[in-house]
Amino acid sequence: MKALILYVAFVAIGAVVAGGIGYYVETTVSPAASLIVFLSLFFANFAVSWIAVIFVMDGSLKDGQGRQSQLDIEKSGRAGLRGSQP
């Protein structure tokens with residue numbers, strides 16, 4: 001639940017930043033360039049926010065895809081099955 005709340009917060013902050021940068025580009029360059037910049041930043045925001053959540057939750061990005069955690073869970077499950085069998 002904490003990760004979901006962090007993700008929503010990071011996405012909201014990123015959307016505001018993307019809107020601000022898009023508005024600045026619109027006033028200085030053109031509306032067409034502003035649209036391209038805004039959409040690029042907006043969609044990149046989702047991936048960057050997810051990476052930021054992983055970094056905040058784990059403190060590092062070593063297990064970003066959860067492979068090591070999954071292997072540890074499977075190993076403990078197999079050890080539990082071996083221990084319960086006669």
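Me: Valine 17 lies in which helix?
Reply: Valine 17 lies in helix α1. A helix here is a DSSP run of H or I of at least four residues, a strand is a run of E of at least two, and both are numbered from the N terminus. Before we go on: this is a predicted model, where local features need pLDDT of at least 70, side-chain atom pairs count only at pLDDT 80 or more, and totals for chains, interfaces and linings use all residues. Residues are numbered from 1 along each chain as its sequence is written, and side-chain values use heavy atoms, with hydrogens and water left out.

Me: Why is valine 17 called partly exposed?
Reply: Buried means under 20% relative accessible area, exposed means over 50%, and partly exposed is in between (1.4 Å probe, protein chains only). Valine 17 has a relative accessible area of 47%, so it falls in the in-between class.

Me: How far apart in space are valine 17 and leucine 41?
Reply: They're 8.7 Å apart, C-alpha to C-alpha, with their places 24 residues apart in sequence.

Me: What makes leucine 4 exposed?
Reply: Leucine 4 is in helix α1, which covers residues 2-28. Its relative accessibility is 52%, and the mark to beat is 50%, so leucine 4 counts as exposed.

Me: Which residues form a nonpolar patch with Leu4?
Reply: Met1, Ile5 and Val8 join Leu4 in that surface patch, and together they have about 470 Å² of accessible area. To belong to a patch, a residue needs over 30% relative accessible area and no salt bridge; nonpolar side chains (Val, Leu, Ile, Met, Phe, Trp, Tyr) are joined within 5 Å, and like charges within 9 Å. A salt bridge would be a side-chain nitrogen of Lys or Arg within 4 Å of a carboxyl oxygen of Asp or Glu. The areas come from the Shrake-Rupley method with a 1.4 Å probe, and for residues only the protein chains shown count as cover.

Me: How do you know that the span of α1 agrees with its 27 residues?
Reply: The expected span is 1.5 Å times one less than the number of residues. For the 27 residues of α1 that gives 39 Å, and the end C-alpha atoms are 39 Å apart, so the two agree.

Me: Which residues of α1 are buried?
Reply: Val11, Gly14, Ala18, Gly22 and Val25. Part of what covers them is α2.

Me: And what about α2: how far apart are its end C-alpha atoms?
Reply: They're 40 Å apart, and the 28 residues should span 40 Å, so α2 passes the check too. Still, α2 has a kink of about 30°, centred on asparagine 45. The bend at a residue is the angle between axes fitted to the seven residues ending there and the seven starting there. Just after α2 comes glycine 59, with a positive phi of about 85°.

Me: Why is serine 49 called buried?
Reply: Serine 49 sits in helix α2, residues 31-58. At 3% relative accessibility it is under the 20% limit, so buried is the right word. Not counting residues up to four places away in sequence, serine 49 touches Tyr7, Phe10 and Val11; contact means heavy atoms within 4.5 Å.

Me: What makes serine 34 buried?
Reply: Serine 34, also placed in α2, has a relative accessible area of 7%, which is under 20%, so it counts as buried. Setting aside neighbours within four places in sequence, serine 34 is in contact with Gly22, Tyr23, Val25 and Glu26. Ser34 and Ser49 are among the buried residues of α2, and those buried residues pack against α1.

Me: Is valine 56 buried or partly exposed?
Reply: Valine 56 lies in α2, and its 45% lies between 20% and 50%, so it is partly exposed. Beyond its neighbours within four places in sequence, valine 56 is in contact with Leu6 and Phe10. From valine 56 to alanine 3 it's 8.9 Å, C-alpha to C-alpha, though they are 53 residues apart in sequence.

Me: How many helices and strands does the chain have?
Reply: There are 3 helices and 0 strands, in the pattern α-α-α along the sequence. Of the chain's 86 residues, 12% count as buried.
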